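Let's take a walk through this structure together, one piece at a time. Have the view ready to turn as you read.

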Amino acid sequence: MAEGWKSLVSFRGPERRGTTVALGVLSFLIVLALWWGAAALKLLPPQYLPSPAAVVVRLYQLFVQYGFIGDIGISIFRVWTAFLISALMAIPLGIMMSSYPIVNGMSQSLVDFIRYLPVPALVPLTIIWLGIGESSKIALLWLGTFFQLVLLVADDARRVPREYIEIGLTTGAKPRQILGSIILPAMLPSMIDNLRITLGWCWTYLIIAEIVAADSGIGYVIMSARRYVKTDEVMAGILAIGIIGLATDQAIRWLHRRWFVYLA
Amino acid sequence: MVHFLELDRVSKTFGINGGAGIHVIDDVSMQVEEGEVVVYLGPSGCGKSTLMRMVGGLETVTSGRIILEGQEVKGPDRQKGMVFQSYSSFPWLKVIDNVRFGLKFRTDLDGREKDRIARHYLQMVGLAEFEEYWVNRISGGMRQRVAIARTFAAGPDILLMDEPFGALDAQNREFLQLQLRDLCLKERKTVIFVTHDVEEAVFLADRIFVFSARPAKILEEISIRDLLPPARDLKLRESETFFKLRNRILGLTRTQALRSEQIEVQGA
């Protein structure tokens, strides 16, 4: 037992899955306890810091009375639509960038230019061009993720060891076959990781999109609650995003472990 | 006379934009006959790997010609199989599928025939009972055997091996050398094997080409075939002939290794 405790604080010590999960739960409980304590002691007035219980109750009411599930649904729809469009465009383009100098030369600086533009700065443009409907929100999310993802994918493909490609060349594979049978499977684990991280960014941009111009979605709920200083409702919205994010992330990690058993 | 493989005044310069470039291979000519095991021996960084990669069509020739079976080498293909020191097999494939990969792009064989050939070579390298293992789960030596089996299964005319046992421990290395020598003899494969390990060179080779430090020139050609029997075993390593050969070649390479170090330092 003492040994087990020691390994937790030893430099680059071994990690055990069960312990990691337990520590994760513990960290949540600590934050929750601090929050609860601060609220119970009324360190801040409830308008600023509602208690955890009040937030959970509010979250429940949002679901039951205000159809919050619909807002969550529309937000998830926006995130995933934009994310899938980004991924479907970025994966082939990124791989082509790593494969052919002409594609890389034509796209690298363009992508870099757009990549550095702050997404909120593009909100006015998307609204002027696409109005305030779904398409402008999805376009904004796409702008925020596609240009990042394409470079990440290109790097994943470039990191495939030269030897793997030469094994293909010396077994008579054509470029197409090398892409399909070697480069894609070799880069897939790190690409899935990058997709998972990019999906997280989508949520950041979603809230920007929904705060600026929307009449539905989690961001809209948070924004209208702010207007009436319903802090518990704001926090309930934030809590909902956190839970969705955590669940999605864990689900993808779980899939990652199942798909890539050979990495274990 | 037509040779199986002929290198005719081959040179290589790696271009540096605007600069003079690095001269790696200097006017190398040699002939290799079918079924021969040829070892390129030389200090690290001398260019021997580059020369072998040029035979494989993985590097271009700056000047001179490489003729394999009457045809000039223009690029990589299935005729020229490769075994690398690292990343020599695919981690996302099981052992058997790695071996089968050598045949994956052949359209002249059906699936059952491919399975049969893959199993045959897996058996030859002694890994039949590991066919369902992931390659990350087996030892480094076994991984190299998988790569060798894959390359044999692909049925190349010539096998190019770039320090394939360089990362293995001494015991494993001896065992794999023995197995490889045996396999080459049985299959009558033409092999070019690159190494900087003198004992490995003597044990495996029919002929050794000792290269100078960069730019690589042939320093000496040593026919082992005349001195050691074709079938080799571990006892041979303790024989007088082996010992003498080893010492003679070590003497040759020692000065080159020193020069090579100096070149590296100056180049950096």
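A good place to begin is an open sheet in chain B, built from 4 strands in the order S2-S1-S4-S5 with antiparallel pairing. At its edges lie strand S2 (22-32) and strand S5 (71-72) of chain B, each of which pairs on one side only. Keep in mind as you look around that this is a predicted model.

Now turn to the pairing of S1 and S4 within that sheet. Strand S1 of chain B covers residues 5-14, strand S4 of chain B covers residues 63-68, and the two run antiparallel, joined by 5 bridges. To find one of these spots on screen, look for B:Asp8, whose bridge partner in S4(B) is B:Arg65. A helix also belongs in this picture: helix H1 of chain B, residues 48-55, packs on the sheet and touches S1, S2 and S4 of chain B. The direction of helix H1 makes about 120 degrees with that of S1(B).

Further along chain B there is another antiparallel pair to visit. Strand S9 (residues 207-211) and strand S10 (residues 218-223) of chain B pair over 5 bridges. The link between S9(B) and S10(B) is a hairpin of 6 residues. Here B:Arg207 stands opposite B:Ser223, which lies in S10(B).

Next, let's see how chain B meets chain A. How many residues of each chain are in contact? On the chain B side there are 25, and they touch 20 residues of chain A. Together the two chains bury an area of about 2100 Å², with carbon and sulfur atoms giving 69% of that area. Which three residues of chain B supply more of the area it buries against chain A than any other three? They are B:Tyr87, B:Trp92 and B:Phe105, which supply 33% of it.

The interface of chain B and chain A has charged and polar links as well. Across it there is 1 salt bridge: B:Arg53 forms a salt bridge with A:Glu166, with the closest N and O atoms 2.7 Å apart. There are also 2 residue pairs in polar contact across the interface of the two chains. Looking at the side of chain B that touches chain A, the largest share comes from strand S6 (residues 80-83) of chain B, with 3 residues. By kind, the residues on that side of chain B divide into 12 nonpolar, 6 polar and 7 charged.

Methods. Residues are numbered from 1 along each chain as its sequence is written. Chains are lettered from A and ligands numbered from 1 in the order in which they are written. This is a predicted model: local features need pLDDT of at least 70, side-chain atom pairs count only at pLDDT 80 or more; totals for chains, interfaces and linings use all residues. Side-chain values use heavy atoms; hydrogens and water are left out. Two strands pair if DSSP finds at least two bridges between them. Contact means heavy atoms within 4.5 Å. Axes are lines fitted to C-alpha atoms, for helices over the stretch in contact, and angles run from 0 to 180 degrees between N-to-C directions. Buried area is the accessible area (1.4 Å probe) that two parts lose on being put together, summed over both. A salt bridge is a side-chain nitrogen of Lys or Arg within 4 Å of a carboxyl oxygen of Asp or Glu. A polar contact is a pair of N or O atoms within 3.5 Å; within protein, one must be able to donate a hydrogen and the other to accept it, and residues adjacent in sequence count only if both atoms are side-chain atoms. Ala, Val, Leu, Ile, Met, Phe, Trp, Tyr, Cys and Pro count as nonpolar, Asp, Glu, Lys and Arg as charged, and the others, Gly among them, as polar.
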